[in-house]
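Thanks for sharing this one; here are my notes, set out as numbered points. Please read them with the structure open beside you.

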Amino acid sequence: MKKEIKILAPCGILGYGYPKSSFLKGMSYKPDAIVVDAGSTDAGPHKLGAGVAIVSEKACKKDLEIMIMEGAKAGIPVIIGSAGGSGGRVHVEWTWNIIKEILKEQALQSQKVAIIWADIPKEVVKEKLHNGEVQPLGLSVKELTEERLELTNGIVAQMGHEPIVKALESEADIIICGRAYDPSPFAAVAVYHGFPLSYGYHAGKILECAALCAVPGTTKDCMLGTITEEGFMITPLSDERICTPLSVAAHTFYEKDHPYILHGPGITLNLKDCEFKQVDEKSVFVTGSRIEQSNPYCIKLEGAMKVAYRTFVVAGVRDSLMISRLEEIERLAEEQVRTYYSDIPEEDYTIHFINYGMNGVMGELEPSKELPHEVGIVFEVIAKSQELADAVCGSLRSSLLHYGYIGRKSTAGNLAFPFAPSDIPFGAVYEFSVYHLMEVEDSCQMFPIEYPDM
């Protein structure tokens, strides 16, 4: 048995980009696998609901090309988690088409490909819901009714390491995962080679964001993870970056609602007793990660439904009088618009202002009350149809543009527009209709593996 394994993580999300020099330096360490996360729900439900990728096809192909070529040359697997961003069928097929193109162009058609699907049939969710085996993930999640379930475009679930281990056991060269718990592909490599699951998941938690735990941190550079029986080591592959105990420990707190407890499919990772030690000028060694099996085994479901349409405007204000009364003027302009459209039910549309430079980021929690010399305004209308959103937003823009507030010295426009046309129809707006945990009897049952031909 090997004394250690090495995993090369090229970048934080597939398509974000990485220096070729860092990647080739990582390959010189003879890694046992190349693993890259491709997905995230950080930007909300739109990518899942609309069925579009999180990055461009060009960016995805650019990143994948060197990974696939070097992986084939070294005879090691390339594993992609949450393909296409959201990991649904349309996202996986999009990724597979890019890979097929690369394999043909590079004459690598002999590479064995495994696709692990993560789409969950609505009928399965409905039955589990009736049996009390589906629970909301947090207090803010809306009740999952049969009506909302039917309106959902599609449902995916985050797979754990188990299906990916199966694909590795089949000696697949390229593994395309549907929606996956971000650390799962890394943990799968550790388990496949007989190393502790706890260190596989904790290392994966850090490596899935690539060099974000380094100093300076970025998702656009490569990292090397070395896993042993005693712990794991994180090493940046750029001469510009180092890891410190503080930087690696800090990243352990990333995207968690508890300081040291991390829940995943069928597992709970406990990091309370972890130690982070500097082992050379660039690398940090981590020990003390513990893991427990969860009972029952639960997987996280994600689904999105279309709820409205959006139109928005970006504008600037540089009148100190208007800035001093900006929220009042916005309220009065909104009232003017609502009076004009009094024949339309108020619940058919909403108006929202974001004043960047005043309280655009923190809202009412903003502690600074000092007025700036200029403010960037984003105002949006969310409505039942795109036509209604466009109409209301147009009226709001013209009302705010010429609103005659007390003290105004000119009858010209109040707003400066960086774009023409100023009104930008965004299209459909989605919300998470499914953001729940579902009990399952088998960790692999919901994640079938396919070995497609070229």
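**Notes on helix packing, a sheet and a salt bridge**

1. Helices H7 and H8 are oblique to each other, because their angle of about 50° falls outside the ranges that count as roughly parallel, roughly antiparallel or roughly perpendicular. Please keep in mind throughout that this is a predicted model. H7 covers residues 162-169 and H8 covers residues 184-192, and their axes are 8 Å apart. The crossing of the two is right-handed.

2. Now for the residues behind that packing. From H7 come Ile164, Val165, Leu168 and Glu169, and they meet Ser184, Pro185, Ala188, Val189, Val191 and Tyr192 of H8. Sorted by class, the contact of H7 with H8 holds eight nonpolar residues, one polar and one charged.

3. A second helix pair is worth a look. Helix H9 (residues 197-207) packs with helix H10 (residues 245-252) at an angle of about 100°, and their axes are 9 Å apart. That angle makes H9 roughly perpendicular to H10.

4. Which residues of H9 and H10 meet? On the H9 side they are His202, Lys205 and Ile206, and on the H10 side Val248, His251 and Thr252. This contact of H9 with H10 divides into two nonpolar, three polar and one charged residues.

5. Turning to strands, I would point you to the open sheet formed by three strands in the order S10-S11-S14, with antiparallel pairing. Strand S10 (261-264) and strand S14 (290-293) are the edge strands, as each pairs on one side only. On average, neighbouring strands of this sheet are turned by 20° against each other, direction ignored.

6. Within that sheet, S10 pairs with strand S11 (residues 267-270) over four bridges, in the antiparallel sense. If you would like a residue pair to find by eye, try Leu262, whose bridge partner in S11 is Leu269. As a general reminder, strands of a sheet pair through backbone hydrogen bonds, either parallel or antiparallel.

7. Finally, the salt bridges: the count comes to 24. One of them joins the side chains of Glu441 and Lys128, at 3.1 Å from N to O. Why does this pair tie together parts that are apart in sequence? Glu441 lies in the loop between strand S18 (423-440) and strand S19 (449-450), while Lys128 lies in helix H5 (residues 122-130), so the salt bridge ties together parts that are 313 residues apart in sequence.

Methods:
Residues numbered from 1 in each chain as written. Predicted model: local features only at pLDDT ≥ 70, side-chain atom pairs only at ≥ 80, totals over all residues. Heavy atoms only, no water. Axes fitted to C-alpha atoms, helices over the stretch in contact; angles between N-to-C directions. Parallel < 35°, antiparallel > 145°, perpendicular 65-115°, else oblique. Contact = heavy atoms within 4.5 Å. Nonpolar A, V, L, I, M, F, W, Y, C, P; charged D, E, K, R; others polar. Pairing = 2+ DSSP bridges. Left-handed = near helix turned anticlockwise from the far one by under 90°. Salt bridge = Lys/Arg side-chain N within 4 Å of Asp/Glu carboxyl O.
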